[in-house]
Amino acid sequence: MESSPLISAGLPVALFIIMIGIGMTLTVRDFRQVAVYPKGMIVGTVAQILIMPLVAFLLATLLSVPPAIAVGLVIIAACPGGTTSNLFVLLARGNIALSIVLTVSASLITILTLPLFTNLALAHYMGTEEDIVLPVWKTVGMLVGIVLVPVAIGMAVRTRNPEAARKAESVVSLFGGVVLAVLIVVIIYGVRDQIWDLLRQAGPATILLNLAGILLGLLAGRATGLTQRESLAVAVELGVKNGTIALMVTLTLLESSAMSIPAAVYGVLMFPIGFVLAMYGRRIIPASTVHVAN
């Protein structure tokens, strides 16, 4: 299944709507609170934007995955946290303000870093004989249009009409989940003749990437002196990715179904693993701690 007109046109529109939903979760107070104690934002952003793609390169090399799968693995690793990461942090009793700011900050920085890591992966794994290059400025322009602009719109809606934003936020989050589910089904159907072979090739590396992100978040939080709630927020942000951005890059810009497989597999696996992490958070963090912090 190569990129269809429906995916080429519909996926950016869907992602635009999803990012408006992220914007509607943000207030100036969220930024002020994290700005006063920026350590969590710095640790989380560096781990998410820089270390996770390097972990993907390492896993792809160690596991000797096929070139297209390796590129797809780096792309999903270089993506920011997903729209549902804030929900998982809330369930885990983590620091929700930090989670929201990490989602947005990583989404904005991704505008520059995602094309960089994608082209590094293409050059390293596909070789110069493959005429596949991610157009940097076209990608930057598209990401600005579907990340920066809709987040600003969402924040403006929240400022002008907080009640309407709260009601729309849950609908947009549900819409994001439905879009990702539909994309996964379409991708699997498109490569149905190769699905088991592709899952065998991409599955282990994808699972390890997800678990590595969560473990990295928890360990980085402990090593840098973050609170348990902050560490959980970082771990969730590293583990729950915005798979829709990865699918947009692989399907609409690179037009490769094989490269989209890691994002599709990741999109399925991150939910049950995320719920396990949420249950872990609820066991180690008393509810009274959350109420006091809020």
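**Entry 1: burial classes**

I call a residue buried under 20% relative accessible area, exposed over 50%, and partly exposed in between. I should also jot down that this is a predicted model. I tried the classes on Ile109, which comes out at 34% relative accessibility and therefore counts as partly exposed, since that value falls between the two cut-offs. Ile109 sits in helix α6. I also looked up a partner far off in sequence: Ile49 is 60 residues away from Ile109 along the chain, yet their C-alpha atoms are 7.6 Å apart.

**Entry 2: the overall layout**

I counted secondary structure next. The protein chain has 13 helices and zero strands. Written out along the sequence, the pattern is α-α-α-α-α-α-α-α-α-α-α-α-α. I then checked burial for the whole chain: 54% of its 294 residues count as buried.

**Entry 3: α6, the bent one**

How far apart are the end C-alpha atoms of α6? I get only 39 Å for residues 96–126, short of the 45 Å that a straight helix of these 31 residues would reach at 1.5 Å a residue. I went looking for a bend and found a kink of about 55° in α6, centred on Thr110.

Then I looked at cover and at the two ends. α6 is mostly covered, with 23 of its 31 residues buried. At the start of the helix, a side-chain oxygen of Asn95 comes to within 2.9 Å of the backbone nitrogen of Leu98. Just after the helix, Gly127 has a positive phi of about 80°.

**Entry 4: α12, for contrast**

I ran the span check on α12, residues 257–284. Its 28 residues should span 40 Å at 1.5 Å a residue, and the end C-alpha atoms are 41 Å apart, so the two values agree. I still found a kink in α12, of about 30° at Met270, shortly before Pro272. Good reminder to myself to look up the bend as well as the span.

While in α12 I picked out Ala264. Ala264 has 5% relative accessibility, which is under 20%, so it counts as buried. The C-alpha of Ala264 is 7.6 Å from that of Leu247, 17 residues away along the chain.

**Entry 5: α11**

Leu247 took me to α11, as it is one of the buried residues of that helix. How many residues of α11 are buried? The helix runs over residues 243–253, and 11 of its 11 residues are buried. The list includes Gly243, Thr244, Thr250 and Thr252 as well as Ile245, Met248 and Val249. Just after α11, Glu255 takes a positive phi of about 50°.

**Entry 6: α3, covered spots and a patch**

I moved on to α3, residues 39–62. Gly44 lies in this helix. Its relative accessible area is 0%, so Gly44 is buried by the under-20% cut-off. Gly44 and Gly217 are 173 residues apart in sequence, but their C-alpha atoms are 7.3 Å apart in space.

Thr45 is in α3 too. It has a relative accessible area of 13%, again under 20%, so I log Thr45 as buried. I looked up Val234 as its partner: the C-alpha atoms of the pair are separated by 8.6 Å, with their positions 189 residues apart along the chain.

Which residues make the nonpolar surface patch of about 410 Å²? They are Ile42, Val46, Leu50, Ile51 and Leu54. I checked Ile51, which is placed in α3. Its relative accessible area is 32%, so Ile51 is partly exposed. That value also passes the over-30% cut-off, so Ile51 can be counted in a patch.

**Entry 7: positive phi outside glycine**

Last, I pulled up two loop residues with positive phi. Ser64 is not a glycine, and its phi is near 50°. I place Ser64 in the loop between α3 and α4 (67–77). Ser64 has a relative accessible area of 60%, over the 50% cut-off, so it is exposed.

Arg93 is not a glycine either, and its positive phi is about 65°. Arg93 lies in the loop between α5 (85–91) and α6. Is Arg93 buried or exposed? At 18% relative accessibility it falls under 20%, so Arg93 goes down as buried.

Terms used:
Residues are numbered from 1 along each chain as its sequence is written. This is a predicted model: local features need pLDDT of at least 70, side-chain atom pairs count only at pLDDT 80 or more; totals for chains, interfaces and linings use all residues. Side-chain values use heavy atoms; hydrogens and water are left out. Helices (H or I, at least four residues) and strands (E, at least two) are DSSP runs, numbered from the N terminus. The expected span of a helix is 1.5 Å times one less than its number of residues. The bend at a residue is the angle between axes fitted to the seven residues ending there and the seven starting there. Buried means under 20% relative accessible area, exposed over 50%, partly exposed in between (1.4 Å probe, protein chains only). A polar contact is a pair of N or O atoms within 3.5 Å; within protein, one must be able to donate a hydrogen and the other to accept it, and residues adjacent in sequence count only if both atoms are side-chain atoms. Patches are made of residues with over 30% relative accessible area and no salt bridge: like charges are joined within 9 Å, nonpolar side chains (Val, Leu, Ile, Met, Phe, Trp, Tyr) within 5 Å. Accessible areas come from the Shrake-Rupley method with a 1.4 Å probe; for residues, only the protein chains shown count as cover. A salt bridge is a side-chain nitrogen of Lys or Arg within 4 Å of a carboxyl oxygen of Asp or Glu.
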